[in-house]
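Okay everyone, thanks for squeezing me in. Could you pull up the structure on the big screen, and then I'll walk you through the parts I liked?

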Amino acid sequence: MAKKKQKQIITKPSSRRPDANPTTANQRTYTIPDYRLEKPSFTIRQVRKADGVRYEVSGDFNGTVPPIRESRYLNRQQHLEIYRWMLLNRKMETALENLYKQGKVVGGVYFGLGQEACSCASAYALKKEDWLGPMIRNQGSTLVRGFSPRDIMMQYMAKAGSPTRGRDASSHFGDIQDRNVVSPISTLGDLIPVLAGVALGARLQGRNIAVMTYIGDGGQSTGVTYEGLNFAAVQSLGLVLLVENNLWGYSTPADMQFRVKDLAERAIAYGIPGVIVDGTDACQVYDAAHEACERARRGEGPTLIEAKMMRMKGHAIHDAAEYVPKPLFEYWRKRDPIARFENYLVSVKKWLTREENEKLIADVDRQLEEDRDYAVASPMPSPESAAGGVYCDGCHEVKPKYGMAKTTERTHARPKPESVAHIK
Ligand SMILES: Cc1ncc(C[n+]2csc(CCOP(=O)(O)OP(=O)(O)O)c2C)c(N)n1
Ligand SMILES: [Mg+2]
């Protein structure tokens, strides 16, 4: 059984209606379920040293690595599928890192290293008619939703055959026709009202669906996060918000970002359920996401899931994460989501023999090699295509709004006002 953690908010006793026991009579209690089998406890402090500012971490680093928590819903086959998605997610990012180092990527590369369970197992809880709004680290969710590694690699290389046909590098692509995926929005938090709007649209069509999106420990501080989630709460829209608490928002540690102990506590203020899971445990992530999606489909409103884990690389490929205290990496490396899930499937559950596991890994490698070779060999877009639309091909005539600039020949003399270049 999950160990329940109680949060208490003590309200001020009313002066007009005294109670025999005013403290308890006016006390309301709230429960945030916490499914973790281990509760890491660290504090990161910013300290000033002669050579500048740096972070120091204190806490207990000696705990034993927790087991995977048994899922209440997943069968053997589903476990294996999630495991495969996680492998594909990680190996695709390794391939992207290599492509970047070969100078083949346009722009940067973002990684979800250490967060594969969170991305893949959450998106796995969605049904075809549901919607997903991934963020930059959720490439695993995008794979689960039906994009191939080939699509994602071509996108990063801005190839003509990529989802945005070379008009955007990195991850701003989606598919509103078939896969029900809203493109990531870089402005942190903005996906939340957009996804709430998708759920509202479905409601207006007489359907309740689950709409899933993500926000980081840093991004959740934005005003639009509050506005979007509050709107979803008030309208009982089926938003499933995964708050990915990976301990860092760029180079700012979570301890310097908010005062609450757990970000799931924020659910209390929205009047919606909040739950904490170990973001490195695919079973916990899936179970919480599944329950939240079911609640969404029943029309009962949003759920906030706080997934706790660690961003195991820098913000993006340009960031070596030198500011992260080394013991944090060592601690979380031992809690690797894929290695632990592999051990669970092979050694604990015995659902996969060693040979089957090796075959599965080789199969993922083969798919990635094929996709990488295809992506590398595929052409760049033609220069003329840059003037075309991202989402339509000639079905709308796009006219310049203000017309073209009109210029007149300049003389050396001071130009008269009517001959000055102007834009109509
Ligand atoms: C509204 C807004 N403010 C600032 C930024 C710049 N920015 C991009 S990513 C990032 C850090 C995000 O940290 P977090 O939300 O914890 O997500 P993580 O990178 O850890 O997944 C910042 C500040 C932005 N994109 N949008
Ligand atoms: Mg973060």
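So, salt bridges: the count in this predicted model comes to 24. I'll pick out a few of them.

Start with Glu70 and Lys349, whose side chains meet in a salt bridge at 2.7 Å, N to O. Where do Glu70 and Lys349 lie? Glu70 is in the loop between strand E4 (52-59) and H2, and Lys349 is in the loop between helix H11 (337-348) and H12, so this pair ties together parts of the chain that are 279 residues apart in sequence. As for Lys349, it's partly exposed, with a relative accessible area of 23%.

Next up, Glu291 and Arg72. Their side chains form a salt bridge too, at 2.5 Å, N to O. Glu291 belongs to helix H9 (residues 282-297), while Arg72 sits in the loop between E4 and H2, so here the parts tied together are 219 residues apart in sequence. If you're wondering about exposure, Glu291 has 27% relative accessibility and counts as partly exposed. Arg72 also counts as partly exposed, at 43%.

Now one more pair, Arg90 and Glu116, with a salt bridge between their side chains at 2.8 Å, N to O. This one links helix H2, where Arg90 lies, to helix H3 (residues 116-123), where you'll find Glu116, and the two residues are 26 apart. Buried or exposed: which is Arg90? With 19% relative accessibility, Arg90 counts as buried, because the cut-off is under 20%. Glu116 is buried as well, with a relative accessible area of 0%.

And there's a network: Arg84, Asp363, Arg366 and Glu370 are joined into one by salt bridges that share partners.

Okay, from charges that pair up to one that doesn't. Have a look at Asp151, in helix H5 (residues 149-156). Asp151 is buried, and yet it has no salt bridge. Which side chain of opposite charge is nearest to Asp151? That would be Arg179, 4.1 Å away. A salt bridge has to be within 4 Å, so this pair isn't counted as one. What the Asp151 side chain does reach is the backbone nitrogen of Ser148, at 2.9 Å. And if you leave aside neighbours within four places in sequence, Asp151 is in contact with Pro163 and Arg179.

While we're on H5, let's look at the whole helix. How many of its eight residues are buried? Seven, so to speak of H5 as mostly covered is fair. Those buried residues are Pro149, Asp151, Ile152, Met153, Met154, Gln155 and Tyr156. What do they pack against? Three helices: H2 (76-101), H4 (139-144) and H12 (354-377). After H5 comes Ala158, and its phi is positive, near 55 degrees.

Right, on to the ligands. Ligand 2 is a magnesium ion, and its protein donors are Asp217 (OD), Asn246 (OD1) and Trp248 (O), at 2.0 to 2.2 Å from the ion. The spacing of those donor residues in sequence reads D-x28-N-x1-W. Asp217 is in the loop between strand E6 (211-216) and helix H7 (223-234), and Trp248 is in strand E8 (residues 248-249), so that pair ties together parts that are 31 residues apart in sequence. Both Asp217 and Trp248 are buried.

Then there's ligand 1, with 13 residues around it. Which of those come nearest? Arg137, Ser186, Gly219, Asn246 and Trp248. You'll recognise Asn246 and Trp248 from the magnesium donors. There are polar atoms to point at, too. An oxygen atom of ligand 1 is 2.7 Å from a backbone N or O atom of Gly219. For Trp248, a polar backbone atom lies 2.7 Å from an oxygen atom of ligand 1. And over at Leu188, a polar backbone atom is 3.1 Å from a nitrogen atom of the ligand.

Last stop, Pro273, in the loop between helix H8 (266-270) and strand E10 (274-278). It counts as partly exposed, at 34% relative accessibility. Not counting residues up to four places away in sequence, Pro273 touches Ala267, Arg295, Pro302, Thr303 and Leu304. How far is Pro273 from Pro33? In sequence, 240 residues; in space, 9.1 Å, C-alpha to C-alpha.

That's my tour. Thanks, and over to you.

Technical notes
Residues are numbered from 1 along each chain as its sequence is written. Chains are lettered from A and ligands numbered from 1 in the order in which they are written. This is a predicted model: local features need pLDDT of at least 70, side-chain atom pairs count only at pLDDT 80 or more; totals for chains, interfaces and linings use all residues. Side-chain values use heavy atoms; hydrogens and water are left out. Helices (H or I, at least four residues) and strands (E, at least two) are DSSP runs, numbered from the N terminus. Buried means under 20% relative accessible area, exposed over 50%, partly exposed in between (1.4 Å probe, protein chains only). Lys and Arg count as positive and Asp and Glu as negative; His and the chain ends are not counted. A polar contact is a pair of N or O atoms within 3.5 Å; within protein, one must be able to donate a hydrogen and the other to accept it, and residues adjacent in sequence count only if both atoms are side-chain atoms. Contact means heavy atoms within 4.5 Å. Donors are N, O and S atoms within 2.8 Å of the metal (3.2 Å for Na, K and Ca); water is not among the atoms, so sites may look incomplete. A residue is near a molecule or strand if one of its heavy atoms lies within 4 Å of it.
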